[in-house]
Amino acid sequence: MKNTALFETHKALGAKMVPFAGYNMPVSYEGVNIEHETVRKGVGVFDVSHMGEFLVEGPKALELIQKVTTNDASKLTIGKAQYSCLPNQTGGIVDDLIVYRVKEETYLLVVNASNIEKDWEHISKYNKDIGADMRNLSDDYSLLAIQGPKAVEAMQSLTSVNLSEIGFYNFVVADFAGIDYVIISATGYTGSGGFEIYCKNSEVKQVWDKVMEAGAGFGIKPIGLAARDTLRLEMGYCLYGNDIDDTTSPLEAGLGWITKFTKDFVNSEALAKEKEEGPKRKLIAFQMEERGIPRNGYPILDKDGNEIGKVTSGTMSPSLSQGIGLGYVPTDHSQVGSPIHIKIRINKVPATIVKLPFYKNT
């Protein structure tokens with residue numbers, strides 16, 4: 001197992017550490033509900049340095065990114081980021097990722113920790129014919145997610161740039177926490193606003209300490225992966241390995257909005273055909289109508305009790321005090337408002353298909 005550069009810091013804070021995607025990661029500090037509420041109402045900081053970073057540069061950089069991703073990276077100007085995914089040849093998804101345009105011919109791809117090696121090999125395969133310059137920076141860089149409605153105010157003293165002026169999915173390379181060149185990105189996986197900070201491993205301890213110091217008056221707390229999961233699920237954000245994988249198409253997963261057929265990309269012809277015909281199944285969101293917590297793998301039943309799918313992600317929503325989940329069902333069973341049941345052990349617990357997000361940020 002690998003450790004992030006902040007491993008000793010997490011241990012000193014009393015974090016419960018678990019193996020995740022090949023790393024020892026903090027799953028919780030005080031408990032998932034407290035940490036979840038801290039991010040929804042205040043500000044919290046996650047160490048997500050296990051994520052992977054690839055630098056793609058040179059005159060062929062855009063051509064490569066256009067080939068291997070579904071979204072249209074030609075629309076990116078310097079300082080903008082874009083959510084996208086890497087399609088495979090069989091209609092599924094290799095990974096979902098964020099593409100940053102750092103300079104005219106320099107892009108940063110941020111990928112999931114569990115897929116770093118797989119993604120690198122997949123992109124490299126297509127790069128043989130294209131010839132962009134690629135560097136895997138994953139082992140050298142750290143990533144902190146400072147999330148919550150108080151993030152801007154709490155972090156403003158650490159930088160000379162006006163944080164409130166960085167639009168959603170925009171970023172700047174600027175000074176932060178005494179380090180001259182840091183990526184400050186208005187992105188995140190929580191739905192409560194905030195920033196993601198990319199810096200070198202050698203710099204992250206200083207950044208973490210200054211973030212905790214600056215945020216002290218705003219009630220900042222360290223947040224673990226358990227709350228990260230409940231926060232993202234309340235927004236209906238997909239988790240790779242659960243809600244999307246090598247067998248799920250972007251169209252089935254509700255990611256048609258990042259699948260642009262204005263260009264040629266890996267398997268685009270087959271996906272365009274699927275769009276035309278309509279996907280045979282869809283990722284639905286559902287809320288439990290009675291007490292019960294849906295979990296990955298639990299059967300989804302129609303109103304007559306026939307199994308029509310399986311839960312891919314589920315939890316007890318700390319914000320709603322209600323069981324919520326995602327799962328795939330045939331398209332003709334995916335209508336919002338439809339009654340379903342989730343089989344929890346021997347019980348068939350009623351639920352309703354709902355529109356995302358579960359959590360409406362007022």
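This passage walks through the helices, strands, cores and cysteines of a predicted model.

Residues are numbered from 1 along each chain as its sequence is written. Because the model is predicted, local features need pLDDT of at least 70 and side-chain atom pairs count only at pLDDT 80 or more, while totals for chains, interfaces and linings use all residues, and side-chain values use heavy atoms, with hydrogens and water left out. Helices (H or I, at least four residues) and strands (E, at least two) are DSSP runs, numbered from the N terminus.

A good place to start is helix H4, which covers residues 116-130. With 15 residues at 1.5 Å a residue, H4 should span 21 Å (the expected span being 1.5 Å times one less than the number of residues), and its end C-alpha atoms are indeed 21 Å apart, which agrees. H4 nevertheless has a kink of about 25°, centred on Ser124; the bend at a residue is the angle between axes fitted to the seven residues ending there and the seven starting there. Ile116, Asp119, His122, Ile123, Tyr126, Asn127 and Ile130 are the buried residues of H4, where buried means under 20% relative accessible area, exposed over 50%, and partly exposed in between (1.4 Å probe, protein chains only). An α-helix has 3.6 residues a turn, so residues three or four places apart point the same way. The partners against which the buried residues of H4 pack include helix H3 (61-68) and strands E5 (52-57) and E9 (133-136). Just after H4, Gly131 adopts a positive phi of about 85°.

Helix H3 can be read alongside H4. Its buried residues are Ala61, Leu64, Ile65, Gln66 and Val68, and their cover includes H4, E5 and E9, together with E6, E7 and E8.

The strands E6, E7 and E8 come next. E6 and E7 run antiparallel and are joined by 7 bridges; two strands pair if DSSP finds at least two bridges between them. Cys85 has Asp96 of E7 as its bridge partner. The hairpin of E6 and E7 has 5 residues between the strands, and Gly91 in the turn shows a positive phi of about 95°. E7 also pairs with E8, in the antiparallel sense over 6 bridges, with 2 residues linking these two strands in a hairpin. Here Ile98 finds its bridge partner in Val110 of E8. E7 is mostly covered, as 9 of its 11 residues are buried.

Another set of strands is centred on E12 (residues 179-185), of whose 7 residues 5 are buried, so it is largely enclosed by the rest of the structure. E12 is joined to E11 (residues 171-176) by 5 bridges, and the two run antiparallel, with Ala174 opposite Val182 in E12. The E11 and E12 hairpin has 2 residues between its strands, and Ala177 in this hairpin takes a positive phi near 55°. E12 and E13 (residues 194-200) likewise run antiparallel, joined by 3 bridges, and Ser185 has Glu196 of E13 as its bridge partner.

The interior comes next. A nonpolar core is a set of buried Ala, Val, Leu, Ile, Met, Phe, Trp, Tyr and Cys residues joined through side-chain atoms within 4.5 Å. The largest one has 37 residues, and Phe46, Tyr100, Ile244 and Leu255 have the most contacts inside it. Elements that each supply at least two residues of this core include E6, E7, E8 and helix H7 (225-235). Contact means heavy atoms within 4.5 Å; leaving aside neighbours within four places in sequence, the residues in contact with Tyr100 include Lys80, Val110, Phe171, Ser185 and Glu196. A second, separate core of 29 residues includes Ala177, Val182, Ile197 and Val207.

The structure holds 0 disulfides, a disulfide being a pair of cysteine sulfur atoms within 2.5 Å. The sulfur of Cys238 is 9.8 Å from the closest cysteine sulfur, in Cys85, too far for a bond. Cys85 counts as buried at 0% relative accessibility, and Cys238 does so at 7%.

A few backbone details complete the picture. Leu356 and Pro357 are joined by a cis peptide bond with omega about -5°, and Pro357 is in the segment after strand E20 (347-354). Ala21, although not a glycine, has a positive phi near 50°; it sits in the loop between strands E2 (16-20) and E3 (23-28) and is partly exposed, with a relative accessible area of 28%.
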